[in-house]
Structure formats: structure tokens, C-alpha cells
Amino acid sequence: MPAGTIETYWEDGHWLNRIKGKNKVISSCGSRNVAIELGKLVAKQHGVRHVIRKQGENPGPTYESIPED
């Protein structure tokens, strides 16, 4: 499955998770907190980074969640 960073981001009224740089959405949530937890879980399972983007016009990273061993 993921070979790269998992990205949690806001788009069209939903919080989404995807593999950064890919168009395929892994999950769609109405809640930011739920989307972040799902993104963390997928990143941890695959040993990759997790980045959470800000909501808005300039969606730079808010913070990075590093999977724990």
C-alpha cells in the first residue's frame, strides 16, 4: 500500500487522507480529529510519515505526526 507520506488535508468540505502526490483518497471524514487518527494509524502500520495540512487557501503543513515503534 503506501510507499510514501500519508497526508491529511481539507478539500470540498471533508477531511481526507491520501498518499502524498497521489490522487487516490484513502479515507474521507467529516471530522478533522477522526481523519488525523486514521492517517496516523495508516502511517504507523506502514512505517511512513504522516503530515497534517492546514485548512484554507495556503494549506502548508500544520504539523507532522511521526509513527511510533
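A surface patch joins residues that have over 30% relative accessible area and no salt bridge: like charges within 9 Å, or nonpolar side chains (Val, Leu, Ile, Met, Phe, Trp, Tyr) within 5 Å. We will need that in Exercise 2.

The model is predicted, so local features need pLDDT of at least 70 and side-chain atom pairs count only at pLDDT 80 or more, while totals for chains, interfaces and linings use all residues. Residues are numbered from 1 along each chain as its sequence is written, and side-chain values use heavy atoms, leaving out hydrogens and water.

**Exercise 1. Find out how many helices and strands the protein has, and in which pattern they follow each other.**

Step 1. Count the elements: the protein has one helix and five strands. These are DSSP runs, with at least four residues for a helix (H or I) and at least two for a strand (E), numbered from the N terminus.

Step 2. Walk along the sequence, and you will meet the pattern β-β-β-α-β-β.

Step 3. Look at the whole protein. Of its 69 residues, 35% are buried, where buried means under 20% relative accessible area, exposed over 50% and partly exposed in between (1.4 Å probe, protein chains only).

Step 4. Turn to the contacts, meaning heavy atoms within 4.5 Å. Among the protein's contacts with a separation of 6 or more, 33% are between residues 24 or more positions apart.

**Exercise 2. Work out which residues make a nonpolar surface patch.**

Step 1. Start with the surface as a whole. The protein has an accessible surface of about 4,500 Å², and carbon and sulfur atoms hold 48% of that. Such areas come from the Shrake-Rupley method with a 1.4 Å probe, and for residues only the protein chains shown count as cover.

Step 2. Pick out the patch: Val34, Leu38 and Leu41 make it, and it covers about 230 Å².

Step 3. Take a look at one member, Val34. You will find Val34 in helix α1, which spans residues 32-46, and its 44% relative accessibility makes it partly exposed.

**Exercise 3. Locate the salt bridges in the whole structure and say how many there are.**

Step 1. Know what to search for: a side-chain nitrogen of Lys or Arg within 4 Å of a carboxyl oxygen of Asp or Glu. Side chains of opposite charge can pair when their charged atoms come close.

Step 2. Search the whole structure, and three salt bridges turn up.

Step 3. Begin with Glu7 and Arg18, whose closest N and O atoms are 2.8 Å apart in their salt bridge. Because Glu7 sits in strand β1 and Arg18 in strand β2 (residues 14-19), this pair ties together parts that are eleven residues apart in sequence.

Step 4. Next come Arg53 and Glu7, which form a salt bridge with their closest N and O atoms 2.6 Å apart. Here Arg53 belongs to strand β4 and Glu7 to strand β1, so the parts tied together are 46 residues apart in sequence.

Step 5. Now take Glu37 and Lys40, where the closest N and O atoms of the salt bridge are 3.5 Å apart. Both residues are in helix α1, and since they are three residues apart, about one helical turn separates them. Glu37 is partly exposed at 47% relative accessibility, and Lys40 is partly exposed too, at 31%.

Step 6. Put the shared partners together: Glu7, Arg18 and Arg53 are joined into one network of salt bridges.

**Exercise 4. Decide whether Glu7 is buried or exposed, and describe its surroundings.**

Step 1. Place Glu7 in strand β1, which runs over residues 6-11.

Step 2. Check its accessibility. Glu7 counts as buried because its relative accessibility is 5%.

Step 3. List the surroundings. Apart from neighbours within four places in sequence, Glu7 touches Leu16, Asn17, Arg18, Lys20, Val51 and Arg53.

Step 4. Follow one of these partners, Arg53, to strand β4 (residues 50-53). Its relative accessible area of 12% makes Arg53 buried.

**Exercise 5. Describe how β1 and β4 pair, and how the faces of β4 are covered.**

Step 1. Strands pair if DSSP finds at least two bridges between them. For β1 and β4 there are three bridges, in the parallel sense.

Step 2. Find one position along the pairing: Ile6 is opposite His50 of β4.

Step 3. Inspect both faces of β4. One side carries His50 and Ile52, the other Val51 and Arg53, and all are buried, so both faces are covered.

Step 4. Finish at the loop between α1 and β4, where Gly47 is placed. Gly47 is exposed, at 62% relative accessible area. Its C-alpha atom is 9.3 Å from that of Thr5, although the two residues are 42 residues apart along the chain.
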